[in-house]
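Trainee: I should like to examine this structure with you, one question at a time. May we begin once it is displayed?

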Amino acid sequence: MDVLTPDQEPPKDAGFSLLELMVVVVILSILALVIVPRVIDRPDQARAARAQSDIAAVASAVQLYRLDNFRYPTTEQGLAALVTRPNTDPAPANWANAGYMDRLPVDPWGQPYQYLAPGVHDTDFDVFTYGADGISGGSGADADIGSWPAN
């Protein structure tokens with residue numbers, strides 16, 4: 001390694017030219033245009049995957065409730081019947097002392113999961129969320145996610 005003394009000038013090729021810097025900026029901009037849209041979409045996909053996982057767990061608890069009590073909770077009893085013993089008819093005869101879930105999850109957008117029995121998708125029951133917008137229907141992040149079979 002050469003050490004410069006005070007009377008020596010630095011070499012002329014030390015550093016980057018403006019053209020080299022501009023080329024690097026252009027390359028980084030192109031990479032950002034390609035990568036950023038893919039990364040931004042990931043949180044919505046993660047929320048949908050979490051909702052599907054929660055719905056599967058709740059649907060399993062509803063199935064356990066049915067195994068013990070020979071019927072699904074009614075729409076009026078709702079998912080709360082999985083955590084606390086329902087007081088309304090039809091009263092569950094064999095409700096598990098510890099319940100079927102410790103607590104009810106909320107969807108990734110902070111809303112409670114919905115429950116219908118019988119289900120509207122040719123199923124015995126539906127557990128679902130309305131998605132990011134909180135209203136029925138929609139597409140993308142606003143799409144409803146539920147326990148019904150995919151079409």
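Trainee: Is tyrosine 130 buried, partly exposed or exposed?

Mentor: The relative accessible area of tyrosine 130 is 26%. Buried means under 20% relative accessible area, exposed means over 50%, and partly exposed lies in between, with a 1.4 Å probe and protein chains only. Because its value falls in the middle range, tyrosine 130 is partly exposed.

Trainee: On what basis should such values be read?

Mentor: This is a predicted model, in which local features need pLDDT of at least 70 and side-chain atom pairs count only at pLDDT 80 or more, while totals for chains, interfaces and linings use all residues. Residues are numbered from 1 along each chain as its sequence is written, and side-chain values use heavy atoms, with hydrogens and water left out.

Trainee: What kind of aromatic pair do phenylalanine 128 and tyrosine 130 form?

Mentor: Rings of Phe, Tyr and Trp (its six-membered ring) pair if their centres lie within 6.5 Å; planes under 30 degrees apart count as stacked, over 60 as edge-to-face and the rest as tilted. A search of the whole structure finds 6 aromatic pairs. For phenylalanine 128 and tyrosine 130, the centres are 5.3 Å apart and the planes meet at 75°, so the pair is edge-to-face.

Trainee: Which parts of the chain does the pair of phenylalanine 128 and tryptophan 148 link?

Mentor: These two rings form a tilted pair, 5.8 Å centre to centre with 45° between the planes. Helices (H or I, at least four residues) and strands (E, at least two) are DSSP runs, numbered from the N terminus. The pair joins residues 20 apart: phenylalanine 128 lies in strand β2 (residues 126-129), and tryptophan 148 in the segment after β3 (145-146).

Trainee: Which element gives the most to the largest nonpolar core?

Mentor: A nonpolar core is a set of buried Ala, Val, Leu, Ile, Met, Phe, Trp, Tyr and Cys residues joined through side-chain atoms within 4.5 Å. The largest one has 20 residues, and those with the most contacts inside it include Val58, Val62 and Tyr115. With 7 residues, the element that gives the most to this core is α1.

Trainee: How far from aspartate 107 is the nearest side chain of opposite charge?

Mentor: Aspartate 107 lies in the loop between α1 (18-69) and β1 (114-116). Lys and Arg count as positive and Asp and Glu as negative, with His and the chain ends not counted; a salt bridge is a side-chain nitrogen of Lys or Arg within 4 Å of a carboxyl oxygen of Asp or Glu. Aspartate 107 is buried and has no salt bridge, and the distance to arginine 50, its nearest side chain of opposite charge, is 6.5 Å.

Trainee: With which side chain does the side chain of aspartate 107 make a polar contact?

Mentor: A polar contact is a pair of N or O atoms within 3.5 Å; within protein, one must be able to donate a hydrogen and the other to accept it, and residues adjacent in sequence count only if both atoms are side-chain atoms. At 2.5 Å, the partner of aspartate 107 is threonine 129.

Trainee: What is the omega of the peptide bond that joins aspartate 89 and proline 90?

Mentor: Proline 90 is placed in the loop between α1 and β1. The bond from aspartate 89 is cis, with an omega of about -5°.
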